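The following paragraphs offer a guided reading of a protein model. Please keep the sequence and the coordinates in view while following the text.

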Amino acid sequence: MTITHLARRLAVVVTATALLSLAACGDDDPAPSETKKIAITFDGDTVTPNGERVDVAVGQKIELDITADSAGEIHVHSNPEQELEYDEGSTTLTLDPIEQPGVVDVESHHLEQTIVQLEVK
Ligand SMILES: [Cu+2]
């Protein structure tokens, strides 16, 4: 076998591998195993982000990394709804995965503000 033949064989193997990995990421994939992390900061009467849209996959693990100047509560308008308390300082909250596509508001009722809108699809 000449060097050229060897290179060609190698190219065929590489192409086949690339096609295989492409085929493995179709649209019917289960929820990404990667956790969606959303950083949220409460400071006085303000919260950041403030009404921003965030894409998440159905069933994806969602984590809220909260920094707050005082303790409070977050309301998630999923079905069923979720209420999550956080402390002053840093708190990491894990949401129950959302299994229905749609837009889910994440709010602070105390501030009467929408923190993020989860676009679940
Ligand atoms: Cu609410």
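Gly 72 stands opposite Tyr 86, a residue of strand E6. This model is a predicted one, and the pairing just named belongs to a longer contact between two strands: E5 and E6 run in the antiparallel sense and are joined over five bridges.

These two strands are part of an open sheet that holds five strands in the order E3-E9-E8-E5-E6, with mixed pairing. Strand E3, which covers residues 52-56, and strand E6 form the edges, each of them pairing on one side only. From one strand to the next, the twist averages 25 degrees.

The metal site comes next. Which residues coordinate the copper ion? The donors are His 75 through ND1, His 77 through NE2, Glu 107 through OE and His 109 through NE2, at 1.9 to 2.2 Å. Along the sequence, these donor residues follow the spacing H-x1-H-x29-E-x1-H. His 77 is located in the loop between strand E5 (72-76) and strand E6 (82-86), whereas Glu 107 belongs to strand E8 (residues 102-108); the pair therefore ties together parts that are 30 residues apart in sequence.

Why is the arrangement around the copper ion described as square planar? The four donor atoms subtend angles of 83 to 162 degrees at the ion. The assignment requires opposite donors to be over 155 degrees apart and all other angles to lie between 65 and 115 degrees. The arrangement is square planar because the angles of the four donor atoms satisfy this description.

Are His 77 and Glu 107 buried or exposed? Residues under 20% relative accessible area count as buried and those over 50% as exposed, with partly exposed in between. Glu 107, at 14%, is therefore buried. His 77 has a relative accessibility of 32%, so this residue counts as partly exposed.

The chain as a whole gives the setting for these details. The protein chain contains one helix and nine strands, and its pattern along the sequence reads α-β-β-β-β-β-β-β-β-β. Of its 121 residues, 29% count as buried. Among contacts in the protein chain with a separation of 6 or more, 59% involve residues 24 or more positions apart. The surface that the protein chain exposes amounts to about 8,000 Å², and carbon and sulfur atoms supply 52% of this area.

How values were computed: Residues are numbered from 1 along each chain as its sequence is written. This is a predicted model: local features need pLDDT of at least 70, side-chain atom pairs count only at pLDDT 80 or more; totals for chains, interfaces and linings use all residues. Side-chain values use heavy atoms; hydrogens and water are left out. Donors are N, O and S atoms within 2.8 Å of the metal (3.2 Å for Na, K and Ca); water is not among the atoms, so sites may look incomplete. Four donors count as tetrahedral if all angles lie between 85 and 135 degrees; four count as square planar and six as octahedral if opposite donors are over 155 degrees apart and all others between 65 and 115; anything else is irregular. Helices (H or I, at least four residues) and strands (E, at least two) are DSSP runs, numbered from the N terminus. Buried means under 20% relative accessible area, exposed over 50%, partly exposed in between (1.4 Å probe, protein chains only). Two strands pair if DSSP finds at least two bridges between them. Axes are lines fitted to C-alpha atoms, for helices over the stretch in contact, and angles run from 0 to 180 degrees between N-to-C directions. Contact means heavy atoms within 4.5 Å. Accessible areas come from the Shrake-Rupley method with a 1.4 Å probe; for residues, only the protein chains shown count as cover.
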